[in-house]
Amino acid sequence: MNIFNWEWVGRNWIAIVERTWEHVFLTAVAVVVGTVIAIGLAVVAVRRRRWYGPITSVTNILYTVPSLALFAFLVPFTGLSTLTSEIGLVSYTLLIIVRNTVAGVDGVSRGVREAADGMGFTARRRFWKAEFPLALPVIMAGIRIASVTTVGLVTITAILGQGGLGYFILAGLRSFFWTQIIIGTVGSVLLAVVIDVGLLWVERLLTPWTRRAAA
């Protein structure tokens, strides 16, 4: 039994490309927005330590809510829309990036902080000029994890009509057509790998000192 139909792929390659770009778009928007919000929350947590517990508690609750339940909750308010998808996707990025950002900043050596203070840096300038850059490898690791997770979650938004490659998985399950299921599944996995490698390259570009230290 042939479970993969290359002829179908040839007839539908334009739709595959379009769904792939839709998947990339949904992932990119969620990760970018989630990163901005998460780093903002992390800055608050670093400067006001008493807020770290409440922030991680709320983001942890959002992270543990089943995706289908969260989308079902949002639909009456925002409908079967891209906004509904993005609200859900963004909420799943927050915990990972907040924790990694705070952990990265906490991992900066005391000597660096003392040197920055000795140069007359304010607390804000010390954070952005010294602590944040040195924390970037840990922060980027969190962004990479959040990105790969989001690629998988985007497939679930197919139930909202916004699912990128998840569209093929859902359509294939409904019609018992394995070619669509394989295209959606393998495409999502390959996309996750490409995004992870791409972000690793960005991390190395932003942190050239880590390469010099390794050398």
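1. The protein contains 10 helices and zero strands, and the order of elements along the sequence is accordingly written α-α-α-α-α-α-α-α-α-α. The points that follow concern a predicted model, and they should be read with that in mind.

2. As to overall dimensions, the C-alpha atoms fill a box of roughly 70 × 45 × 25 Å when the principal axes are used as the frame. The chain has 215 residues, of which 42% count as buried. The accessible surface amounts to about 11800 Å², and carbon and sulfur atoms account for 69% of that area. If one takes the contacts between residues at least 6 apart in sequence, 74% of them join residues at least 24 apart.

3. On the charged side chains, the count is 18 positive and 10 negative, with the centres of the two sets lying 9 Å apart. Side chains of opposite charge can pair when their charged atoms come close. In this model there are seven salt bridges, and some of them are taken up in the next points.

4. One of the salt bridges joins Glu7 and Arg11, whose closest N and O atoms are 3.4 Å apart. Both residues belong to helix 1 (residues 6–11), and because they are four residues apart there, about one helical turn separates them. With regard to solvent, Glu7 is exposed, and Arg11 is exposed as well.

5. A second pair to examine is Glu131 with Arg113, a salt bridge in which the closest N and O atoms are 2.7 Å apart. Glu131 lies in helix 7 (residues 123–156) whereas Arg113 lies in helix 6 (residues 110–118), so this salt bridge ties together parts that are 18 residues apart in sequence. Glu131 counts as buried because its relative accessibility is 3%, the cut-off for that class being under 20%. The pair also belongs to a network of salt bridges that links Arg113, Arg126 and Glu131.

6. Helix 7 takes part in a further salt bridge, that between the side chains of Arg144 and Glu203, with an N to O distance of 3.7 Å. Here the pair links distant parts of the chain, since Arg144 is in helix 7 and Glu203 is in helix 9 (residues 178–206), 59 residues apart. Both partners are buried, Arg144 as well as Glu203.

7. Which residues gather in a patch of positive charge on the surface? They are Arg47, Arg48, Arg50 and Arg124. Of these, Arg124 has its place in helix 7, and it counts as exposed because its relative accessibility is 54%, where the class requires over 50%.

8. A residue without charge deserves a separate remark, namely Thr93, whose place is in helix 5 (residues 82–106). Is Thr93 buried or exposed? Its relative accessible area is 0%, and therefore Thr93 is buried. When residues up to four places away in sequence are not counted, Thr93 touches Ala30, Gly34, Ala146 and Thr150.

9. To draw the points on helix 7 together, Glu131 of this helix forms a salt bridge with Arg113, Arg144 forms one with Glu203, and Arg124 is a member of the positive patch on the surface. Among these helix 7 residues, Glu131 counts as buried at 3% relative accessibility and Arg144 is likewise buried, whereas Arg124 counts as exposed at 54%.

Definitions and conventions. Residues numbered from 1 in each chain as written. Predicted model: local features only at pLDDT ≥ 70, side-chain atom pairs only at ≥ 80, totals over all residues. Heavy atoms only, no water. Salt bridge = Lys/Arg side-chain N within 4 Å of Asp/Glu carboxyl O. Helix = DSSP H or I, 4+ residues; strand = E, 2+ residues; numbered from the N terminus. Buried < 20%, exposed > 50% of the residue type's maximum accessible area, 1.4 Å probe, protein only. Contact = heavy atoms within 4.5 Å. Areas by Shrake-Rupley, 256 points an atom, 1.4 Å probe, with all protein chains shown as cover. Lys, Arg positive; Asp, Glu negative; His and termini not counted. Charge placed at Lys NZ, Arg CZ, Asp CG, Glu CD. Patch = residues over 30% accessible without salt bridge, like charges linked within 9 Å, V, L, I, M, F, W, Y side chains within 5 Å.
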